[in-house]
Amino acid sequence: MKKLTKDQWTNLAMIALLVIILFTPIGFKIKVYVNKLMAFTTPSIETTTEKILLHETAWKLYDRNGKSVAVKDLENKVVLINFWATWCPPCVAEMPNLQELYDSYGDKVDFLFVAHDEAGKVDKFLDKNGYKIPIFYEKGGTPEKLNSRSIPITFIIDKKGAIVVRETGASNWNSEKIRTLLDTLLIK
(Lines give C-alpha, C1' and ligand atoms only; values in the text may rest on other atoms or scores of the structure.)
Protein backbone atom coordinates (compact mmCIF):
# COMPACT_ATOMS: atom_id res chain seq x y z
CA MET A 1 0.00 0.00 0.00
CA LYS A 2 1.35 3.37 -1.06
CA LYS A 3 1.90 6.06 1.59
CA LEU A 4 0.12 9.40 0.97
CA THR A 5 2.21 12.51 0.47
CA LYS A 6 1.76 15.73 2.41
CA ASP A 7 0.03 17.34 -0.60
CA GLN A 8 -2.41 14.42 -0.89
CA TRP A 9 -3.26 14.69 2.82
CA THR A 10 -3.84 18.42 2.37
CA ASN A 11 -6.12 17.77 -0.60
CA LEU A 12 -8.09 15.16 1.35
CA ALA A 13 -8.46 17.55 4.28
CA MET A 14 -9.74 20.30 1.95
CA ILE A 15 -12.24 17.93 0.33
CA ALA A 16 -13.44 16.79 3.76
CA LEU A 17 -13.84 20.42 4.87
CA LEU A 18 -15.82 21.26 1.73
CA VAL A 19 -18.10 18.26 2.27
CA ILE A 20 -18.72 19.37 5.87
CA ILE A 21 -19.46 22.95 4.81
CA LEU A 22 -21.71 22.02 1.90
CA PHE A 23 -23.60 18.99 3.14
CA THR A 24 -23.90 18.92 6.94
CA PRO A 25 -25.75 20.87 9.65
CA ILE A 26 -22.36 22.08 10.90
CA GLY A 27 -21.79 23.59 7.47
CA PHE A 28 -25.14 25.40 7.66
CA LYS A 29 -24.11 26.93 10.99
CA ILE A 30 -20.80 28.02 9.47
CA LYS A 31 -22.66 29.68 6.56
CA VAL A 32 -24.99 31.49 9.00
CA TYR A 33 -22.01 32.68 11.05
CA VAL A 34 -20.21 33.97 7.95
CA ASN A 35 -23.39 35.77 6.84
CA LYS A 36 -23.73 37.37 10.28
CA LEU A 37 -20.19 38.67 9.97
CA MET A 38 -20.99 40.07 6.54
CA ALA A 39 -24.33 41.60 7.62
CA PHE A 40 -22.73 44.73 8.98
CA THR A 41 -23.90 46.61 5.92
CA THR A 42 -26.90 48.82 6.34
CA PRO A 43 -29.53 48.72 3.61
CA SER A 44 -29.50 51.60 1.16
CA ILE A 45 -32.40 53.99 1.05
CA GLU A 46 -33.82 54.43 -2.42
CA THR A 47 -34.75 57.70 -4.01
CA THR A 48 -37.39 56.26 -6.27
CA THR A 49 -40.94 57.05 -7.13
CA GLU A 50 -41.74 53.38 -7.75
CA LYS A 51 -44.91 52.55 -5.89
CA ILE A 52 -46.63 49.37 -4.83
CA LEU A 53 -50.22 49.98 -3.82
CA LEU A 54 -50.71 46.84 -1.79
CA HIS A 55 -54.44 47.44 -1.42
CA GLU A 56 -54.80 47.26 -5.22
CA THR A 57 -52.95 43.95 -5.58
CA ALA A 58 -54.51 40.51 -5.50
CA TRP A 59 -51.84 39.43 -3.01
CA LYS A 60 -53.23 36.95 -0.53
CA LEU A 61 -51.52 36.21 2.75
CA TYR A 62 -52.47 34.08 5.72
CA ASP A 63 -50.97 33.93 9.19
CA ARG A 64 -49.61 30.98 11.21
CA ASN A 65 -53.16 30.06 12.27
CA GLY A 66 -54.42 30.00 8.68
CA LYS A 67 -56.34 33.28 9.07
CA SER A 68 -56.48 35.42 5.94
CA VAL A 69 -54.83 38.83 6.12
CA ALA A 70 -56.52 41.83 4.56
CA VAL A 71 -53.69 43.42 2.56
CA LYS A 72 -55.93 46.45 1.98
CA ASP A 73 -55.53 47.23 5.70
CA LEU A 74 -51.88 48.15 5.00
CA GLU A 75 -52.93 51.28 3.11
CA ASN A 76 -51.51 54.49 4.61
CA LYS A 77 -49.14 52.55 6.87
CA VAL A 78 -45.39 52.03 6.98
CA VAL A 79 -44.74 48.40 6.08
CA LEU A 80 -41.63 46.20 6.29
CA ILE A 81 -41.86 43.04 4.19
CA ASN A 82 -39.21 40.33 4.53
CA PHE A 83 -39.20 37.20 2.36
CA TRP A 84 -37.19 34.42 4.04
CA ALA A 85 -36.82 30.68 4.74
CA THR A 86 -35.29 28.52 7.47
CA TRP A 87 -32.99 26.77 4.97
CA CYS A 88 -31.44 30.08 3.82
CA PRO A 89 -28.23 31.00 5.73
CA PRO A 90 -28.44 34.78 5.02
CA CYS A 91 -32.10 34.74 6.16
CA VAL A 92 -31.20 33.04 9.42
CA ALA A 93 -28.20 35.37 9.89
CA GLU A 94 -30.26 38.58 9.73
CA MET A 95 -33.17 37.30 11.84
CA PRO A 96 -31.79 38.51 15.23
CA ASN A 97 -31.54 42.09 13.90
CA LEU A 98 -35.03 41.90 12.45
CA GLN A 99 -36.39 40.58 15.77
CA GLU A 100 -34.78 43.52 17.61
CA LEU A 101 -36.25 45.97 15.11
CA TYR A 102 -39.66 44.33 15.45
CA ASP A 103 -39.41 44.52 19.25
CA SER A 104 -38.91 48.30 18.97
CA TYR A 105 -41.30 49.11 16.11
CA GLY A 106 -43.84 46.28 16.03
CA ASP A 107 -46.59 48.51 17.43
CA LYS A 108 -45.92 51.31 14.89
CA VAL A 109 -44.84 49.57 11.67
CA ASP A 110 -46.63 46.66 10.02
CA PHE A 111 -44.15 43.79 9.67
CA LEU A 112 -44.81 40.98 7.20
CA PHE A 113 -42.33 38.11 7.48
CA VAL A 114 -43.32 36.01 4.47
CA ALA A 115 -41.96 32.49 4.84
CA HIS A 116 -40.99 30.44 1.81
CA ASP A 117 -40.89 27.26 3.82
CA GLU A 118 -43.05 24.58 5.42
CA ALA A 119 -45.12 25.79 8.37
CA GLY A 120 -43.83 23.04 10.68
CA LYS A 121 -40.20 23.93 10.00
CA VAL A 122 -40.95 27.63 10.52
CA ASP A 123 -42.72 27.00 13.83
CA LYS A 124 -39.86 24.82 15.07
CA PHE A 125 -37.27 27.43 14.02
CA LEU A 126 -39.15 30.29 15.73
CA ASP A 127 -39.69 28.31 18.93
CA LYS A 128 -36.07 27.12 19.07
CA ASN A 129 -34.74 30.68 18.71
CA GLY A 130 -37.40 32.48 20.75
CA TYR A 131 -38.49 34.69 17.85
CA LYS A 132 -41.86 36.40 18.23
CA ILE A 133 -42.21 37.89 14.76
CA PRO A 134 -45.44 37.77 12.75
CA ILE A 135 -45.18 35.06 10.10
CA PHE A 136 -47.24 34.93 6.94
CA TYR A 137 -47.57 32.58 4.00
CA GLU A 138 -48.67 33.41 0.47
CA LYS A 139 -51.73 32.16 -1.34
CA GLY A 140 -51.09 32.73 -5.00
CA GLY A 141 -48.33 34.84 -6.42
CA THR A 142 -46.22 37.66 -5.12
CA PRO A 143 -46.95 41.12 -6.57
CA GLU A 144 -44.58 41.80 -9.46
CA LYS A 145 -42.87 44.76 -7.76
CA LEU A 146 -42.04 42.57 -4.75
CA ASN A 147 -41.01 39.52 -6.74
CA SER A 148 -37.41 38.33 -6.53
CA ARG A 149 -35.50 35.21 -7.47
CA SER A 150 -33.43 35.33 -4.29
CA ILE A 151 -34.04 35.54 -0.58
CA PRO A 152 -33.80 37.17 1.80
CA ILE A 153 -35.24 40.27 0.25
CA THR A 154 -36.68 43.03 2.38
CA PHE A 155 -38.76 46.05 1.47
CA ILE A 156 -39.74 49.12 3.44
CA ILE A 157 -42.78 50.84 2.01
CA ASP A 158 -43.95 54.31 3.08
CA LYS A 159 -47.52 55.41 3.79
CA LYS A 160 -48.02 56.47 0.16
CA GLY A 161 -46.93 53.09 -1.19
CA ALA A 162 -43.44 54.13 -2.32
CA ILE A 163 -40.74 51.47 -2.00
CA VAL A 164 -38.12 53.25 0.09
CA VAL A 165 -35.82 50.27 0.74
CA ARG A 166 -35.28 47.16 -1.39
CA GLU A 167 -32.43 45.05 -0.06
CA THR A 168 -31.37 41.56 -1.07
CA GLY A 169 -29.13 39.53 1.23
CA ALA A 170 -28.39 39.72 4.92
CA SER A 171 -28.25 43.24 6.34
CA ASN A 172 -28.17 45.03 9.66
CA TRP A 173 -31.82 46.00 10.04
CA ASN A 174 -31.44 47.28 13.58
CA SER A 175 -29.09 50.11 12.59
CA GLU A 176 -29.48 53.77 13.49
CA LYS A 177 -29.96 54.56 9.79
CA ILE A 178 -33.00 52.26 9.51
CA ARG A 179 -34.43 53.42 12.85
CA THR A 180 -34.10 57.06 11.75
CA LEU A 181 -35.75 56.21 8.42
CA LEU A 182 -38.68 54.49 10.15
CA ASP A 183 -39.10 57.41 12.58
CA THR A 184 -39.16 59.82 9.63
CA LEU A 185 -41.63 57.70 7.66
CA LEU A 186 -43.94 57.40 10.66
CA ILE A 187 -44.08 61.20 11.04
CA LYS A 188 -44.87 61.91 7.36
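Guide: A residue is called buried when its relative accessible area is under 20%, exposed when it is over 50%, and partly exposed in between. The model shown above is predicted.

Visitor: At 37% relative accessibility, does R64 count as buried, partly exposed or exposed?

Guide: The limits to compare are 20% for buried and 50% for exposed. R64 has a relative accessibility of 37% and lies between these limits, so R64 counts as partly exposed.

Visitor: With which residue does the side chain of R64 meet in a salt bridge?

Guide: Side chains of opposite charge can pair when their charged atoms come close. For R64, the distance from N to O is 2.9 Å. The pair links distant parts of the chain, with R64 in the loop between β1 and β2 and its partner in helix α4, 59 residues apart. The partner is also partly exposed, at 27% relative accessibility, and it is D123.

Visitor: How many salt bridges does the structure hold?

Guide: One salt bridge joins R64 and D123. Another joins the side chains of K77 and D110, with 3.9 Å from N to O. The total for the structure is two.

Visitor: How many residues apart in sequence are the parts that K77 and D110 tie together?

Guide: The side chains of K77 and D110 meet in a salt bridge. K77 lies in the loop between β2 and β3, whereas D110 belongs to strand β4 (residues 110-115), so the pair ties together parts of the chain whose separation in sequence is 33 residues.

Visitor: Are K77 and D110 buried, partly exposed or exposed?

Guide: K77 has a relative accessible area of 35%. For D110 the value is 23%. Both values fall between 20% and 50%, so each residue is partly exposed.

Visitor: Which elements make up the protein chain, and how many of them are strands?

Guide: From the N terminus on, the elements run α-α-β-β-β-α-β-α-β-β-β-α. Within this order the helices number five. The strands number seven.

Visitor: Which strands stand at the edges of the open sheet?

Guide: The open sheet has seven strands in the order β2-β1-β5-β4-β3-β6-β7, with mixed pairing. An edge strand has a single partner strand, so one of its sides is left without a neighbour in the sheet; this applies to β2 and β7.

Visitor: How many bridges join β1 to β5?

Guide: Strands of a sheet pair through backbone hydrogen bonds, either parallel or antiparallel. Strand β1 (residues 60-63) and strand β5 (residues 135-139) run antiparallel. In this pairing, D63 of β1 stands opposite F136 in β5. The number of bridges between the two strands is four.

Visitor: Which residue in β7 is the bridge partner of T154?

Guide: Strand β6 (residues 153-157) and strand β7 (residues 163-168) run antiparallel and are joined by five bridges. T154 falls within β6, and its bridge partner in β7 is E167.

Visitor: What is the phi angle of G161, in the turn of the hairpin?

Guide: The hairpin is formed by β6 and β7, with five residues between them. G161 is in the loop between these strands and is buried, with a relative accessible area of 6%. Its phi angle is positive, at about 95°.

Visitor: What distance separates the C-alpha atoms of G161 and K77?

Guide: Along the chain, G161 and K77 are 84 residues apart. In the model, their C-alpha atoms are separated by 8.4 Å.

Visitor: How is the aromatic pair of W84 and F125 described: stacked, tilted or edge-to-face?

Guide: The count of aromatic pairs comes to seven. In the pair of W84 and F125, the ring centres are 5.6 Å apart and the planes stand at 45°. Planes under 30 degrees apart count as stacked and those over 60 as edge-to-face, so the pair is tilted.

Visitor: Are W84 and F125 buried or exposed?

Guide: W84 has a relative accessible area of 0%. F125 has a relative accessibility of 12%. Both values are under 20%, so W84 and F125 are buried.

Visitor: Which residues form a nonpolar patch on the surface?

Guide: One member of the patch lies in helix α1 (residues 6-23) and is partly exposed, with a relative accessible area of 45%. Together the patch residues have about 320 Å² of accessible area. The residues are L4, W9 and L12.

Key. Residues numbered from 1 in each chain as written. Predicted model: local features only at pLDDT ≥ 70, side-chain atom pairs only at ≥ 80, totals over all residues. Heavy atoms only, no water. Pairing = 2+ DSSP bridges. Patch = residues over 30% accessible without salt bridge, like charges linked within 9 Å, V, L, I, M, F, W, Y side chains within 5 Å. Areas by Shrake-Rupley, 256 points an atom, 1.4 Å probe, with all protein chains shown as cover. Salt bridge = Lys/Arg side-chain N within 4 Å of Asp/Glu carboxyl O. Buried < 20%, exposed > 50% of the residue type's maximum accessible area, 1.4 Å probe, protein only. Phe/Tyr/Trp six-rings, centres within 6.5 Å; stacked < 30°, edge-to-face > 60°.
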